[in-house]
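Here are some notes to read alongside the coordinates. Please keep the structure open while going through them.

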Amino acid sequence: MIDELPDGLVWRHPDVEDHLRVLAVMDDWWAVFGGADGSRQRALLLPRLFFQHFTDSSWLVEHGDGRIAAFLIAFVSPSQPDTAYVHFVGVDPALRRRGVAVDLYRRFFRLAATRGATRVRCITSPGNAASLAFHTGIGFRVDPGDLTIDGVAVQGDYDGPGLHRVAFTRTLTDPAPTPPAAIRDVRVCFVGDSFVAGTGDPTGLGWVGRLTARTRTRGLHLTAYNLGIGGNTSTQILARWRQECLPRLSGAPEPRLVLSFGVNDMTSDGHGVRVAPDRSVANLAALLTDARAILPVLMVGPAPAGNPGRDARVAALDERYADVCAAHGVPYVPVFAALRAQPSWQHEIAAGDGAHPAAAGYEQLTGLVAATWQRWLAPA
Ligand SMILES: CC(C)(COP(=O)(O)OP(=O)(O)OC[C@H]1O[C@@H](n2cnc3c(N)ncnc32)[C@H](O)[C@@H]1OP(=O)(O)O)[C@@H](O)C(=O)NCCC(=O)NCCS
C-alpha cells in the first residue's frame, strides 16, 4: 500500500505547542461559521488536553514552510479497548479532495489495529454533507438513529439537548480505503485561431473553456492556456507556437499541445487564398514534426465558417490535415462535416458576426472533441 500525501506536505504527531495554532487555522478555514461565537465553540471542541494526552494517535500535516494543512485528533478508547475514536478532522479548504483526510485515516486505522481496536467510531453534525460523504465514502456506516434528517439517521440529543449527531462506525477488518492515485500535473497549450479563442460565445468559454471545465478526472490537475488569435493562419501559428508554449510548459511534468486552425488559410485575399493548401499542409507537417519530438499533440480540424466558397476549401483541407496527422501519429478530430450538418451552427453564425457561432455552437464543437480529448489525456 502506498502512503502518500500530496507533494509538499509532511505529517507528524502534534504536541501541546500546536494547540493554539490549530485553533487559529480553524478560524481561518471556517471564519464564516458563527463569528466569535463559532470560534469559541470550536475551541471547546478541541481543548488543550487533546494536544497533551492524545498526541501519539493524532496527526498534524504541514506545508514545507510550517503552515498547517490538516489535522486528525483521534485515540483508542481507554474504556472500550476494541474501539478507536476519531474526535475531529480538518483539512484546509484549499487542499480538499486530494486524499489528505483519507491518508490520515489510513494511518490512524493501522495504529488502532496494532493497539487491538477492531472498529472505529466518530460523529458529525446533521447536515455536514462533506463529512457524511467522506465517511461513508471510506467505509463507515451510519449507526441507527431515532430521527431522520435529510434522509440520514440521526441520534437526537446525542451530545445534550438539541445537539443531535450522526454517528458512524467502521470495522477495521474492512479493506483499507484506497488511496488516491498520484496527482498528475498536466498543462495544455491550445494554439490556434478565433475558434480556439471562443470568438462569438457570449459565455466567454468557447470550446476550450467548456472542455477544460468539464474535465474533472480524478487525480488530474489540469492547467489550460488559451493561445487562440483571431485571423491567425497556419504560417503564423507555426512561427509563434514555440515562443508562446515553451515558457508556459517548461518544467511541466506533463506538457501537452492542442492545435486547431485552417479557416484563415482558406480565406480569400483577393488574388487567391491567404495560405495555399499545399503550404498549409506543409506548415502543419512542419509543426507536428517539431512538436511531436517534445510533447503529445492533439489536432482539432477547422470548422465551417459561414462562407460557402471558403467552406468548400476548408472541407478539402480538413481531409488533408487528417492525413498529415495520421502520418505523424497525432489524433485528429474532424468537426467540419458534423457541424455543417447542424442547422443551429449555421443559424448562430448568420445571427452573429457571419463566421463564428454562439454558445450552442461551441457546445456542439465541445461535444465532438470531448471523447478524443479524454482518451488523449489518459496516462500514457
Ligand atoms: C470532511 C473532510 C475532512 C474531507 O477531507 P478531504 O481531504 O477533502 O477528503 P479526501 O480528499 O480524503 O476524500 C476522500 C473521499 O471522500 C469523499 N469526499 C470527501 N469530501 C467530499 C465532498 N465534499 N463531497 C463528496 N464526497 C466527498 C470522496 O469519495 C473522496 O474521494 P474522491 O475525491 O476520490 O471522490 C473535509 O471536507 C473537511 O475538513 N471538512 C470540514 C471539517 C469537518 O467537517 N470535519 C468532519 C467532522 S469532525
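In which sense do β3 and β4 pair, and over how many bridges? The pairing is antiparallel, over 7 bridges. Please bear in mind that this is a predicted model.

1. The mixed sheet. β3 and β4 belong to an open sheet of 7 strands. The order is β1-β2-β3-β4-β5-β9-β6, and the pairing is mixed. β1 (9-12) and β6 (141-142) are the edge strands, each pairing on one side only. For a register check on the β3/β4 pair, take A74: its bridge partner in β4 is V86.

2. The parallel sheet. A further open sheet has 5 strands, in the order β11-β10-β12-β13-β14. Here the pairing is parallel. β11 (220-228) and β14 (332-333) each have a single partner strand, so one side of each is left without a neighbour in the sheet. As background, strands of a sheet pair through backbone hydrogen bonds, either parallel or antiparallel.

3. Strand β12. This strand covers residues 254-260 and is mostly covered, with 5 of its 7 residues buried. It pairs with β10 (residues 184-192) in the parallel sense over 7 bridges. R187 has P255 of β12 as its bridge partner. β12 also pairs with β13 (residues 297-300), again in the parallel sense, over 3 bridges. On that side V258 stands opposite L298 of β13.

4. The crossover. What links β12 to β13 in the β-α-β unit, and what is the hand? The helix is α9 (residues 277-292), and the unit is right-handed.

5. Helix α4. The helix has 15 residues. From first C-alpha to last it reaches 22 Å, close to the 21 Å expected at 1.5 Å a residue. G116 follows α4 and has a positive phi, near 100°.

6. Burial in α4. Which residues of α4 are buried? They are V100, A101, D103, L104, Y105, F108, F109 and A112. D103 is worth a look, as an aspartate in that buried set. The spacing can be read against a general rule: an α-helix has 3.6 residues a turn, so residues three or four places apart point the same way. The cover over the buried residues of α4 includes β2 (59-63), β3 (68-76), β4, β5 (119-124) and α5. Strands β2, β3, β4 and β5 are all in the mixed sheet.

7. The ligand shell. There are 20 residues around the ligand. R96, A101, A130, A133 and G137 come nearest. β4 (83-91), α4 (100-114) and α5 (129-137) are the elements that give two or more residues to the shell. α5 provides the largest share, 5 residues. By class, the shell has 10 nonpolar, 6 polar and 4 charged residues. A101 thus appears twice in this note: it is among the nearest residues to the ligand, and it is buried in α4.

8. F134. This residue is found in helix α5. Why does F134 count as buried? It has 20 C-beta neighbours inside 10 Å, and the cut-off for a buried residue is 20 or more. F134 therefore sits exactly on the cut-off. V154 is 20 residues apart from F134 along the chain, and their C-alpha atoms are separated by 17 Å.

Notes
Residues numbered from 1 in each chain as written. Predicted model: local features only at pLDDT ≥ 70, side-chain atom pairs only at ≥ 80, totals over all residues. Near = placed C-beta within 6 Å. Helix = DSSP H or I, 4+ residues; strand = E, 2+ residues; numbered from the N terminus. Nonpolar A, V, L, I, M, F, W, Y, C, P; charged D, E, K, R; others polar. Buried ≥ 20, exposed ≤ 12 C-beta atoms within 10 Å, placed from the backbone. Pairing = 2+ DSSP bridges. Right-handed = clockwise from strand over helix to strand, strands pointing away. Expected span 1.5 Å × (residues − 1). Contact = placed C-beta atoms within 7 Å.
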